[in-house]
Each structure stands twice: as structure tokens, then as C-alpha cells.
Amino acid sequence: MKLEIVSPDGILFEGEAERVSFPGMVGSFDILPHHAPLIAALRQGAIQYEHDGKKGEQAIKSGFVEVKDDYISVCIE
């Protein structure tokens, strides 16, 4: 899946990811390949992702995520 994390400061991460975990407004959730289309609000916490066998993390205050056709677009504050 292609993951892009964008903030007002610019692109924080852009690359492939095998799994992404988000702090959703009603609880955490994971996105795996071929996930159904989704738009969700995010709360304060951390986005965790796996890429090239390595784990990454991005702290956030709030934001939104859109998932469509194995493309994950995240806009955070």
C-alpha cells in the first residue's frame, strides 16, 4: 500500500507500507492491503506503520485518513 502522511509543515512520510495502525476517534484500527474505502477522523496518539520490515511511528494531535485502492492519505495536525 502507498502511505502518505502530510502536515502543515509538509510531507512527513511517503512510501510503501504493509500495515498501518491509527488512533481513531472511537478506538484504534488497522489498515491492511485491499482494505475497503474509508474516511475517518483521528484523535491524539500515534500512527504506527510497517515498511520494508521496519516499524515507524508518527505522533499526532488530530487529523483525518482516507483509504482508497491501497492508497492511504493522512492529513494531521
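Here are some short exercises on the structure above, each with a worked solution.

This is a predicted model, so local features need pLDDT of at least 70, side-chain atom pairs count only at pLDDT 80 or more, and totals for chains, interfaces and linings use all residues. Residues are numbered from 1 along each chain as its sequence is written, and side-chain values use heavy atoms, with hydrogens and water left out.

**Exercise 1. Find out what the annotated span is made of.**

Start with the record: an unreviewed UniProt entry annotates residues 1–76 as "domain: ATP synthase F1 complex delta/epsilon subunit N-terminal". UniProt positions follow the numbering used here, feature names are shortened, and such annotations may be inferred rather than shown by experiment. Next, look at the make-up: the span is 72% strand and 0% helix. Helices (H or I, at least four residues) and strands (E, at least two) are DSSP runs, numbered from the N terminus. Finally, check the ends: their C-alpha atoms lie 19 Å apart.

**Exercise 2. Track down the salt bridges and say how open their residues are.**

First, the rule: a salt bridge is a side-chain nitrogen of Lys or Arg within 4 Å of a carboxyl oxygen of Asp or Glu. Side chains of opposite charge can pair when their charged atoms come close. The structure holds 2 of these bridges.

Take Lys 2 and Glu 14, whose side chains meet at 3.5 Å, N to O. This pair links distant parts of the chain, 12 residues apart: Lys 2 sits in strand E1 (residues 2–7) and Glu 14 in strand E2 (residues 10–16).

Now go to Asp 30 and Arg 19, with 2.5 Å from N to O. Here Asp 30 belongs to strand E4 (residues 27–31) and Arg 19 to strand E3 (residues 19–24), 11 residues apart.

For exposure, buried means under 20% relative accessible area, exposed over 50%, and partly exposed in between (1.4 Å probe, protein chains only). Lys 2 is partly exposed because its relative accessibility is 30%, and Glu 14 is partly exposed at 45%. Asp 30 is partly exposed at 34%, and Arg 19 is partly exposed at 34%.

**Exercise 3. Decide whether Ile 31 is buried or exposed, and find its distance to Ser 21.**

Locate it first: Ile 31 is in strand E4. Its relative accessible area is 0%, so Ile 31 is buried. Then compare chain and space: Ile 31 and Ser 21 are 10 residues apart along the chain, with their C-alpha atoms separated by 6.4 Å.

**Exercise 4. Pick out residues with positive phi that are not glycine, and place them.**

One is His 34, with phi near 70°. His 34 lies in the loop between E4 and strand E5 (38–42), and its relative accessible area of 70% makes it exposed.

Another is Asp 69, with a positive phi of about 50°. Asp 69 is in the loop between strand E8 (63–68) and strand E9 (71–76), and counts as exposed at 68% relative accessibility.

**Exercise 5. Place Met 25 and work out how far it is from Asp 9.**

Met 25 is in the loop between E3 and E4. With a relative accessible area of 54%, Met 25 is exposed. Met 25 and Asp 9 are 16 residues apart in sequence, and 23 Å apart in space, C-alpha to C-alpha.
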